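Reader: I'm new to reading protein models and I get lost when I try to take in everything at once. Could you pick a single part of this one, look at it closely, and then show me how it connects to the rest?

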Amino acid sequence: MTTMLGAFVLGTPDPPALADFYRSLLGWVEVDREPEWVRLRAPESERPGLSFQWEPAHTPPVWPPRPGTQQMQAHLDIQVDDLAAETERARALGATVEAHQPQAAVRVLRDPHGHLFCLFLPGA
């Protein structure tokens with residue numbers, strides 16, 4: 001039996017808008033688009049992909065985590081060559097930088113719908 005990760009899916013109240021953010025951030029291509037579902041993939045491979053599904057009651061997690069608050073279930077780690085430049089590019093696309101940064105070679109950000117993601121340098 002062969003298994004592989006097919007896609008990572010983020011819930012959001014606006015799948016097309018969030019897909020546009022990640023398409024620009026990652027340089028990926030759009031494969032499917034419907035009002036309640038969008039799928040992206042890297043230009044050179046079909047899978048794994050990054051998908052966005054309609055979730056009207058999405059509640060962003062609290063960062064850093066605190067007991068009794070909405071907890072982060074997962075996040076994306078995105079490797080970059082220039083942390084400062086890519087952080088600024090992500091901000092220009094609509095991301096926000098979190099105040100709490102746990103490591104020097106990693107930047108914790110939020111996408112426009114509140115999902116946490118990290119930009120990191122190789123070796124971090």
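Author: Sure. One term to start with: two strands count as paired if DSSP finds at least two bridges between them, and strands themselves are DSSP runs of at least two residues, numbered from the N terminus. Keep in mind too that this is a predicted model.

Let's settle on strand S7, which covers residues 106-110. Strand S6 (residues 96-97) pairs with S7 in the antiparallel sense, over two bridges. If you want to find that spot, look for Thr96, whose bridge partner in S7 is Arg110. S7 also pairs with S8, again antiparallel, and here there are five bridges. One of the matched pairs is Val108 with Cys118 in S8.

Is S7 enclosed or open? Four of its five residues are buried, so S7 is largely enclosed by the rest of the structure.

Now follow the chain out of S7. S7 and S8 form a hairpin with five residues between the strands. In that hairpin, Gly114 has a positive phi near 95°. As background, most residues other than glycine have a negative phi.

Right there you'll also find His115, in the loop between S7 and strand S8 (116-120). You might guess that a loop residue would stick out, but His115 has a relative accessibility of 9%. The cut-off for buried is under 20%, so His115 counts as buried. What does the side chain of His115 meet in there? One of its polar atoms lies 2.7 Å from the backbone oxygen of Gly11. Leaving aside neighbours within four places in sequence, His115 is in contact with a list of residues that includes Leu10, Gly11 and Thr12, along with Leu18, Tyr22 and His58. Leu109 and Arg110, back in S7, are on that list as well.

Two of those contacts are good trails to follow. Take Gly11 first. In S4, the bridge partner of Gly11 is Gln53. That match belongs to a longer pairing: strand S1 (residues 7-12) and S4 run parallel, with six bridges. Gln53 has another partner, since Trp37 stands opposite Gln53 in S4. S3 and S4 run antiparallel and are joined by five bridges. So the trail goes from His115 to Gly11, then to Gln53, and from there to Trp37.

The other trail starts at Tyr22. Besides His115, Tyr22 touches residues such as Leu10, Leu40, Leu50, Phe52 and Leu76, not counting residues up to four places away in sequence. Asp111 and Phe117 are touched too. Tyr22 is one of the residues with the most contacts inside the largest nonpolar core, which has 19 residues; Phe52, Phe117 and Leu119 are the others. H1, S3, S4, S5, H2 and S8 each supply at least two residues of this core. Helix H1 gives the most, with five. Apart from that core lies another one, of six residues, and here you're back where we began: Val108, Leu116, Cys118 and Phe120 are among its members. Val108 and Cys118 are the bridge partners we met earlier.

Since H1 has come up, let's look at some charged side chains there. Asp20 and Arg23 meet in a salt bridge, at 3.4 Å from N to O. They sit three residues apart in helix H1 (residues 15-26), which means they are separated by about one helical turn. Asp20, at 28% relative accessibility, is partly exposed, and Arg23, at 32%, is partly exposed as well. A second salt bridge joins Arg33 and Glu30, at 2.7 Å. Asp20, Arg23, Glu30 and Arg33 are in fact linked in a network of salt bridges.

Last stop: two unusual peptide bonds. In general, most peptide bonds are trans. Here, a cis peptide bond joins Arg47 and Pro48, with omega about -5°, and Pro48 lies in the loop between strand S3 (37-41) and strand S4 (49-54). Trp63 and Pro64 are also joined by a cis bond, with omega about -5°. Pro64 is found in the loop between S4 and strand S5 (76-79). If you trace S4 on screen, then, you'll find a loop with a cis-bonded proline on either side of that strand.

Definitions and conventions. Residues numbered from 1 in each chain as written. Predicted model: local features only at pLDDT ≥ 70, side-chain atom pairs only at ≥ 80, totals over all residues. Heavy atoms only, no water. Salt bridge = Lys/Arg side-chain N within 4 Å of Asp/Glu carboxyl O. Buried < 20%, exposed > 50% of the residue type's maximum accessible area, 1.4 Å probe, protein only. Polar contact = N/O pair within 3.5 Å; in protein donor to acceptor, adjacent residues only side chain to side chain. Contact = heavy atoms within 4.5 Å. Core = buried A, V, L, I, M, F, W, Y, C linked by side-chain atoms within 4.5 Å.
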